[in-house]
Amino acid sequence: MTRKRRGLSMTSILVLALVGTITAIVLGAMAVFLQTYQRSLIRSVQTSARQSVAQVGKTVEDYLDDVNSLMELLERKLEDPRQDRDDFFAAFLQIRPDVVAVTTYDAAGGLVDCRSRGAKRTEIYQNLSFDPDKMDDYADGYVSTPHVASIFQGYYPWVVTLVAPLDAPGREEWIALDISFSSISAYLNDVGIGQHGYCFLMDQSGNIIYHPQQQLIYSGLQEENNQAAARYRDGTHSEEFQGQRRQVTVKTVGYTGWKLVGVVPVEGGFVSDSRQIFLFGLSLLLFSIFLMAFLNFRISAHISDPIRRLEQSIKELEAGREDVEIEEGGCYEVQRLGHSIRSMVSTMRHLMDDIIEQEGQKRRSELEVLQSQINPHFLYNTLDSVIWMTEAGRYEEAIQMVTSLARLFR
């Protein structure tokens with residue numbers, strides 16, 4: 001015989017339905033939250049990067065403007081024939097320790113005068129701060145990229161050189177102001193954008209002026225996408241470099257044409273944060289599922305247990321038991337159902353008692369009718385008919401009548 005497939009219980013259906021609904025809602029809410037959070041985080045980091053780059057760029061611009069003002073002061077002092085240069089430079093180099101050297105050159109690039117560390121020097125080791133070939137292209141002067149100041153043997157600091165024409169009486173001269181690059185790099189060393197962001201400085205051609213990992217880049221152990229960044233306009237750009245998505249913010253620094261670049265790796269910052277939030281949300285989801293399953297099981301059991309007891313009582317009634325007690329418990333609907341079943345059973349019992357009583361009365365009535373039929377007159381007529389048939393020789397009919405009479409009494 002084939003057994004019918006048993007369906008899920010009410011408790012299982014309620015638990016699965018509620019847990020499935022809660023899970024779908026929580027997963028949908030998590031997905032929406034993660035997308036919203038990631039977009040908000042990207043906008044926040046972009047804003048932070050723009051603000052950081054703008055602040056650092058403004059600081060560098062202010063410093064370069066200050067240095068440019070120093071250059072204008074030097075030009076005025078050196079163009080004044082009444083100015084005692086020795087006294088002026090002694091005081092100037094004392095109050096400006098960021099100035100490595102002040103050097104003047106003739107039109108051919110020959111040394112005219114050099115002062116550094118409070119002393120006047122008549123000879124230099126090697127000149128990398130002044131390039132006479134650039135004078136035709138930059139008649140009003142220029143700002144060099146960072147380089148090693150090799151004019152002094154045994155002392156090679158990184159400097160940025162400001163070069164400007166000097167209107168000296170009776171001759172053409174150029175003045176070069178070597179500024180310690182550490183004064184500029186100090187503004188960039190501690191700049192952080194997010195957890196993994198950084199800033200670097202480059203010139204118009206994409207040559208790196210400062211990078212927090214400059215030594216690794218120079219040694220070839222690390223690369224930077226500086227040539228692509230040189231083509232970017234000021235603002236925020238998205239790029240992929242070495243398989244990593246990055247947000248790049250670019251700002252041009254003043255009249256130098258240098259570009260300050262802020263880089264925020266998307267994979268290192270956004271995705272890791274999103275993964276942590278996802279794991280936290282997943283843990284919360286699993287805990288919520290466990291808690292909801294427990295609560296739903298308790299609630300559904302409170303609903304289904306009275307129904308299950310009603311079902312068992314009905315089975316016992318079907319088996320013929322008469323002393324079955326119908327329970328009226330559980331929620332309101334189940335109580336009403338139990339009350340209805342109890343009323344139905346009570347009505348059925350009364351109907352069965354009435355039917356039994358009616359059957360008994362019917363049998364008694366039939367017996368009374370039969371008894372009323374069997375009376376002396378009926379018996380006398382029957383016997384008289386038998387006598388008459390016997391006298392007439394109608395034996396067969398007499399036998400049949402006697403047989404019928406015996407059957408009737410039986």
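Here are a few worked exercises on the predicted model shown above.

**Ground rules**

Residues are numbered from 1 along each chain as its sequence is written, and side-chain values use heavy atoms, with hydrogens and water left out. Because this is a predicted model, local features need pLDDT of at least 70 and side-chain atom pairs count only at pLDDT 80 or more, while totals for chains, interfaces and linings use all residues.

**Exercise 1. Find out what the chain is built from and which elements have the lowest and highest mean pLDDT.**

Step 1: Start with the elements. The chain has nine helices and twelve strands. Helices (H or I, at least four residues) and strands (E, at least two) are DSSP runs, numbered from the N terminus.

Step 2: Look at confidence. pLDDT is the predictor's confidence in each residue, from 0 to 100. The chain has a mean of 76, and 79% of its residues reach 70 or more.

Step 3: Pick out the extremes. Strand E3 (residues 119–121) has the lowest mean pLDDT among the elements, 66, and helix H9 (residues 395–409) has the highest, 88.

Step 4: Check burial. Of the 410 residues, 36% are buried, where buried means under 20% relative accessible area, exposed over 50%, and partly exposed in between (1.4 Å probe, protein chains only).

**Exercise 2. Work out the order of the five-strand open sheet and which strands stand at its edges.**

Step 1: Read the order. The five strands run E9-E8-E12-E11-E10, with antiparallel pairing. Two strands pair if DSSP finds at least two bridges between them.

Step 2: Find the edges. Strand E9 (208–210) and strand E10 (235–241) each have a single partner strand, so one side of each is left without a neighbour in the sheet.

Step 3: Add the twist, which averages 35° from one strand to the next. For angles, axes are lines fitted to C-alpha atoms, for helices over the stretch in contact, and angles run from 0 to 180 degrees between N-to-C directions.

Step 4: See what lies across the sheet. Helix H3 (residues 182–189) crosses strand E8 (198–202), E9 and E12, at about 85° to E9.

**Exercise 3. Describe how E12 is joined to E8 and E11.**

Step 1: On the E8 side, five bridges link E8 and E12 in the antiparallel sense. Met 202 stands opposite Lys 259 in E12.

Step 2: On the E11 side, eight bridges join strand E11 (residues 244–253) to E12. Val 248 has Val 263 as its bridge partner, and Val 253 faces Trp 258.

Step 3: Look at the turn. E11 and E12 make a hairpin with four residues between them, and Gly 254 in that turn has a positive phi of about 50°.

**Exercise 4. Decide whether Leu 260 in E12 is buried or exposed, and place it in its strand.**

Step 1: Leu 260 belongs to strand E12 (residues 258–265). Its relative accessibility is 0%, so Leu 260 counts as buried.

Step 2: Look at the whole strand. Eight of the eight residues of E12 are buried, so E12 is largely enclosed by the rest of the structure.

Step 3: Sort the directions. In a regular strand the side chains alternate between the two faces of the sheet. Trp 258, Leu 260, Gly 262 and Val 264 point one way, and Lys 259, Val 261, Val 263 and Pro 265 the other way.

Step 4: List some neighbours. Contact means heavy atoms within 4.5 Å. Leaving aside residues up to four places away in sequence, Leu 260 touches several residues, including Val 53, Leu 188, Phe 200 and Val 250.
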